[in-house]
Amino acid sequence: MTQEDIIRMAKRAGIAQYGLGWTCWEGQLERFAALVAAHEREACAKVCEPLAGFVYSQNTLDTMKNCAAAIRARGNK
């Protein structure tokens, strides 16, 4: 995750930058944490998917796809 990603997510969560620092309320901080977690889940899921192209077993292919889906589903809890 780049610094630009972090700043973009902070602004999306409603966190404001004033002078030399950032200011937020508890709800904004929670939204920011949720955005960061979703970003990381998607990055992890994307690691699984390309590997499926190198698999010769349908069972292994299904496992990799299920792994990516399970990672993404963690955000729905």
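This is a short walk through a predicted model, one selection at a time.

**Start with the whole chain**

Show the chain as a cartoon and follow it from the N terminus. You'll pass elements in the order α-β-β-α-α, which makes three helices and two strands. How spread out is the chain? Its radius of gyration is 17 Å, well over the 11 Å that the globule rule gives for 77 residues, so the chain is more spread out than a compact globule. If you like to think in boxes, the C-alpha atoms fill one of roughly 55 × 25 × 10 Å along the principal axes.

Now switch on the surface. About 5900 Å² is exposed, and carbon and sulfur atoms supply 59% of that. Buried residues account for 18% of the 77 residues. As for contacts between residues at least 6 apart in sequence, 35% of them join residues at least 24 apart.

**Colour by charge**

Next, colour the charged side chains. You should count 10 positive and 8 negative ones, and the centres of the two sets lie 3 Å apart. Side chains of opposite charge can pair when their charged atoms come close. How many salt bridges are there in the whole structure? A search finds two, and both are worth a stop.

**Stop one: helix H1**

Select aspartate 5 and arginine 8 and show their side chains. They meet in a salt bridge, at 3.4 Å from N to O. Both residues sit in helix H1 (residues 3-12), and because they are three residues apart there, about one helical turn separates them. Is aspartate 5 buried or exposed? Aspartate 5 is buried, with a relative accessible area of 18%, just as the cut-off for buried is under 20%. Its partner, arginine 8, is partly exposed at 42%.

**Stop two: between helices H2 and H3**

Now select glutamate 42 and arginine 72. These two form the other salt bridge, and their closest N and O atoms are 2.8 Å apart. Glutamate 42 belongs to helix H2 (residues 26-51) and arginine 72 to helix H3 (residues 58-73), so this pair ties together parts that are 30 residues apart in sequence. Click on each for its accessibility: glutamate 42 is partly exposed at a relative accessible area of 28%, and arginine 72 is partly exposed as well, at 29%.

Stay with these helices and pick alanine 70, which is in helix H3. Put a distance label from its C-alpha to that of alanine 45: you'll get 8.3 Å for two residues that are 25 apart along the chain. Alanine 70 is partly exposed, with a relative accessible area of 45%.

**Stop three: the beginning of H2**

Move to glutamate 26, which is in helix H2. Glutamate 26 is exposed, with a relative accessible area of 60%. Draw a line from its C-alpha to that of alanine 73, 47 residues along the chain, and the label will read 25 Å.

Then select glutamine 28, also found in helix H2. Where glutamate 26 is exposed, glutamine 28 is buried, with a relative accessible area of 14%. Which residues is glutamine 28 in contact with, leaving aside its neighbours within four places in sequence? Show Ala13, Gly14, Ile15 and Thr23, and you have them. For a last distance, join the C-alpha atoms of glutamine 28 and glycine 14: the two are 14 residues apart along the chain, and the separation is 5.9 Å.

**Before you close the viewer**

Keep both salt bridges on screen for a final look: arginine 8 with aspartate 5, and glutamate 42 with arginine 72.

How values were computed:
Residues numbered from 1 in each chain as written. Predicted model: local features only at pLDDT ≥ 70, side-chain atom pairs only at ≥ 80, totals over all residues. Heavy atoms only, no water. Helix = DSSP H or I, 4+ residues; strand = E, 2+ residues; numbered from the N terminus. Rg over C-alpha atoms; globule rule 2.2 N^0.38 Å. Buried < 20%, exposed > 50% of the residue type's maximum accessible area, 1.4 Å probe, protein only. Contact = heavy atoms within 4.5 Å. Areas by Shrake-Rupley, 256 points an atom, 1.4 Å probe, with all protein chains shown as cover. Lys, Arg positive; Asp, Glu negative; His and termini not counted. Charge placed at Lys NZ, Arg CZ, Asp CG, Glu CD. Salt bridge = Lys/Arg side-chain N within 4 Å of Asp/Glu carboxyl O.
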